[in-house]
Amino acid sequence: MKKLVLFDIDKTLIKHSDAHISAFSEALKKVYGIDSSIDVINYDGLTDQLIIIEVLKKNGLDDDTIKLKLKDCMKVMIDFFNKIVDNDPIILLDGVKKLLEELRKDNVLLGLVTGSLEPIAKSKLKKVSVDSYFKLGGFGSDDMDRTKLIKIAIKKAEDNFDFRFSDNVFLVGDTPRDIKAGKEARVKTIGVATGIYSKEDLEKSGADFVLENLKDKNRFLEIIYGNYKKENLV
Ligand SMILES: [Mg+2]
């Protein structure tokens, strides 16, 4: 396989998941005794572990106290999420299914780089019937550092598929944090303005390519195959 495309999940492939957001509050209360929504921080693009840490810090907890129960907290999150996910109206973003289908047809290796804990990530994608497209991933349960998640995903591609990392990896995400991680991992970055950040925000963060959304599969394929012209942005 010659190319690897790594997708973020929330606000890149799907709108968002209420169950995932509720699972944080439930776990923070149960494990740390803290009654807090994650809305007290800007969590877009942060890994789940970092969201837990930052929200608890905002609520006055110190590092040692937080780290002691971090694993328990993730476990409670997963259990609670699994209990309520059936009633979670997760919505796949427009154009995603067609794009994934096209990339698979072209024999492009598809993976995930998401801050979500692995069981939660997989369950969200299963709910919208796109889980089978993704052959590997770096997940929020693997590490709290998004750059490392990209490296983990690339390693899995090299270990398990006929793939060698060169200039052939593309990272797709909706936040400057995705773009920053992609640049640190030395992959090509594609920003999509389907989250809270505009095309201008994503361009400013240094994305190699910026798209309004994933509806125009031909434009996406032009990026992957090196035929993309910058004037397409206008
Ligand atoms: Mg996202």
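Biologist: Which residues of helix α8 (residues 176-184) are buried?

Modeller: In this predicted model, the buried residues of α8 are Arg-177, Asp-178, Ile-179, Ala-181 and Gly-182.

Biologist: And what do those buried residues pack against?

Modeller: The buried residues of α8 pack against two helices, α7 (146-160) and α9 (199-204), and against the strands β4 and β5 (188-192).

Biologist: What is the phi of Arg-186, after α8?

Modeller: Arg-186, which follows α8, has a positive phi, near 60°.

Biologist: Let's go to the sheet, then. What is the strand order?

Modeller: The sheet is open and has six strands, which pair in parallel and are arranged in the order β3-β2-β1-β4-β5-β6. The edges are taken by β3 (136-138) and β6 (209-211), and because each of these has a single partner strand, one side of each is left without a neighbour in the sheet. From one strand to the next, the twist averages 25°.

Biologist: How many bridges join β1 to β4?

Modeller: Strand β1 (residues 4-7) and strand β4 (residues 169-173) run parallel and are joined by four bridges. Going along β1, Val-5 has Phe-170 as its bridge partner in β4, Leu-6 stands opposite Leu-171, and Phe-7 is partnered by Val-172.

Biologist: Which strand pairs with β1 besides that, and over how many bridges?

Modeller: That is β2 (residues 109-113), which pairs with β1 in the parallel sense over four bridges, and in this pairing Leu-4 stands opposite Leu-109 of β2.

Biologist: Are the residues on the two faces of β1 buried or exposed?

Modeller: They are all buried, with Leu-4 and Leu-6 on one side and Val-5 and Phe-7 on the other, so that both faces of β1 are covered. That split fits the general pattern, in which the side chains of a regular strand alternate between the two faces of the sheet.

Biologist: How many residues of β4 are buried?

Modeller: Five of the five residues in β4 are buried. Both faces of this strand are covered as well, since Val-169, Leu-171 and Gly-173 are buried on one side, while Phe-170 and Val-172 are buried on the other.

Biologist: Where does β4 go from there, I mean how many bridges join it to β5?

Modeller: Four bridges join β4 to β5, and these two strands run parallel. Val-172 of β4, which is the bridge partner of Phe-7 in β1, also has a bridge partner in β5, namely Ile-190.

Biologist: New topic: at what angle do α5 and α10 cross?

Modeller: The axes of helix α5 (residues 96-105) and helix α10 (residues 217-224) cross at roughly 40° and come within 10 Å, which makes α5 oblique to α10. The crossing is right-handed, and the contact is made by Lys-98, Leu-99 and Glu-102 from α5 together with Lys-217, Phe-220 and Leu-221 from α10.

Biologist: Zooming out, how many helices and strands does the protein chain have?

Modeller: The secondary structure of the protein chain comes to ten helices and six strands. Its radius of gyration is 17 Å, close to the 17 Å that the globule rule gives for 234 residues, so the chain is as compact as a globular protein of that length. The C-alpha trace spans about 55 × 35 × 35 Å along its principal axes.

Biologist: What percentage of the chain is buried?

Modeller: Buried residues make up 42% of the 234 residues. As for contacts between residues at least 6 apart in sequence, 63% of them join residues at least 24 apart.

Conventions. Residues are numbered from 1 along each chain as its sequence is written. This is a predicted model: local features need pLDDT of at least 70, side-chain atom pairs count only at pLDDT 80 or more; totals for chains, interfaces and linings use all residues. Two strands pair if DSSP finds at least two bridges between them. Axes are lines fitted to C-alpha atoms, for helices over the stretch in contact, and angles run from 0 to 180 degrees between N-to-C directions. A residue is buried if 20 or more other C-beta atoms lie within 10 Å of its own, exposed if 12 or fewer, and partly exposed in between; C-beta atoms are placed from the backbone. Two residues are in contact if their C-beta atoms, placed from the backbone, lie within 7 Å. The radius of gyration is taken over C-alpha atoms; the globule rule is 2.2 Å times the number of residues to the power 0.38. Angles under 35 degrees count as roughly parallel, over 145 as roughly antiparallel, 65 to 115 as roughly perpendicular and the rest as oblique. A crossing is left-handed if the near helix is turned anticlockwise from the far one by less than a right angle, and right-handed if clockwise.
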